[in-house]
Amino acid sequence: MDIRTIKLYLHLSNSLHFARTAQQMHVSPSTLSRAMQRLEEEVGAKLFERDNRSVTLTNAGVEYRHFAEQTLDNWSKLKHRLDPKQDLLRGRLNIYCSVTAAYSHLPALLDRFRNEHPLVEIALTTGDAANAVEMVRQNRADISIAAKPESLPESLHFIKIDNVPLAIIAPTFKCAVQELLTEPYIPWDRLPFILPEHGPGRQRIENWFKQLGLNANVYAQVSGQEAIASMVALGCGVSITPEVVIQNSPVKDRIQQLSSPVAIPPFELGCCSKKSRENEPVIAAFVEELNEVA
């Protein structure tokens, strides 16, 4: 057993997905499988139950995960004590955010963090902002940039970094949607709406519908605010989306903002991390930098 194998095991015990762990840990699936087989032989017990559809931890696997976490923590502390540059933090920080947040908010955060901790490796994954909280809950990210949900899980720590206004957006050019907008009063019930599939953005729109007593005409449900902006820019419908998405969109010249008949509360944008991992050195250092600027 070696430290690399322990790291592979811990990632797999959280992801429970061989292909995902192999990709994110930069090994081949066959290499990962052989490493886990050798580990089970060394431990003398089966650590995973596998079938064609799922991977689960055995009771021995759960016990070994505790041992592996403690071993990796002790190894990190030992290296820190023995390293002649022990004042410089080392490690890897896995960050998840939307493409827009990678443009709008992440650069300033990383510039400050890298200035203090230049030897920490940053691994960035981008995707639908609606999945940001779940990525942290599943340990698929150490930190995520997320809109604060109406009900934040007790297991998570959230540090606010900004207020993000939301706006109703529509196409600017001549199309069926634009023709509806030329009527004396905007026919909200007839406009085709493009909705996020889930997450805080979906909650905001549904609350807006309720305030207006609107039986909405839903055109599509889409993953990702950037994709929603693109569909609006193509004339498919209207939506409610963060203004920062439009400001950073390559199709912003094809999009206009409409006045809302009722106020739309902004998002609280912040960084999420797991409370149970707040003492891990790299995560603790990033959270400390956030607290200094929050």
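## Exercises on pockets and loops

In the second largest pocket, the lining residues split into 19 nonpolar, 12 polar and five charged. Keep in mind as you work that this is a predicted model.

**Exercise 1.** Describe the second largest pocket: what is its volume, and which helix gives the most to its lining?

*Solution.* Start with the space itself: the volume is about 510 Å³. Next, find the centre; among the 36 lining residues, A129, A130, A146, A147 and P200 are the closest to it. Then turn to the secondary structure. At least two lining residues come from each of α5 (99-104), α7 (132-137), β5 (143-147), α9 (200-212), α10 (225-233), α11 (243-247) and β12 (267-274). Of the contributors, α7 gives the most, with four residues.

**Exercise 2.** Now do the same for the largest pocket: which residues lie nearest its centre, and how does its lining divide by class?

*Solution.* Begin with the volume, about 1,700 Å³. The lining comprises 45 residues, and L72, R92, D142, R277 and E280 lie nearest the centre. Sorting the lining by class gives 15 nonpolar, 14 polar and 16 charged residues. Finally, look at the elements: α1 (3-15), α4 (59-82), β3 (91-97), β4 (120-126) and α12 (281-293) supply at least two lining residues each. Here α4 gives the most, with eight residues.

**Exercise 3.** Locate K174 and decide: is K174 buried or exposed?

*Solution.* First, find K174 in the loop between β7 (166-171) and α8 (176-181). Its relative accessibility is 75%, and the cut-off for exposed is over 50%, so K174 counts as exposed. Next, step across to G235, which is 61 residues from K174 along the chain, with 8.5 Å between their C-alpha atoms. G235 comes just after α10 and has a positive phi of about 85°. Within α10 itself, Q225, I228, A229, M231, V232 and A233 are buried.

**Exercise 4.** Compare the settings of L16 and N139: where does each lie, and what is its phi?

*Solution.* A useful reminder first: most residues other than glycine have a negative phi. L16 has a positive phi, near 50°, and sits in the loop between α1 and α2 (18-24). N139 also has a positive phi, near 60°, and belongs to the loop between α7 and β5. Now check accessibility. L16 has a relative accessible area of 32%, so L16 is partly exposed. The value for N139 is 22%, and therefore N139 counts as partly exposed. Buried would require under 20%.

Note on methods:
Residues numbered from 1 in each chain as written. Predicted model: local features only at pLDDT ≥ 70, side-chain atom pairs only at ≥ 80, totals over all residues. Heavy atoms only, no water. 1 Å grid on protein atoms, 1.4 Å probe; cavity = no way out; pocket = protein on both sides within 12 Å on 5 of 7 lines; lining within 4 Å. Points joined across faces, edges and corners; volume = space filled by probe spheres on them. Nonpolar A, V, L, I, M, F, W, Y, C, P; charged D, E, K, R; others polar. Buried < 20%, exposed > 50% of the residue type's maximum accessible area, 1.4 Å probe, protein only.
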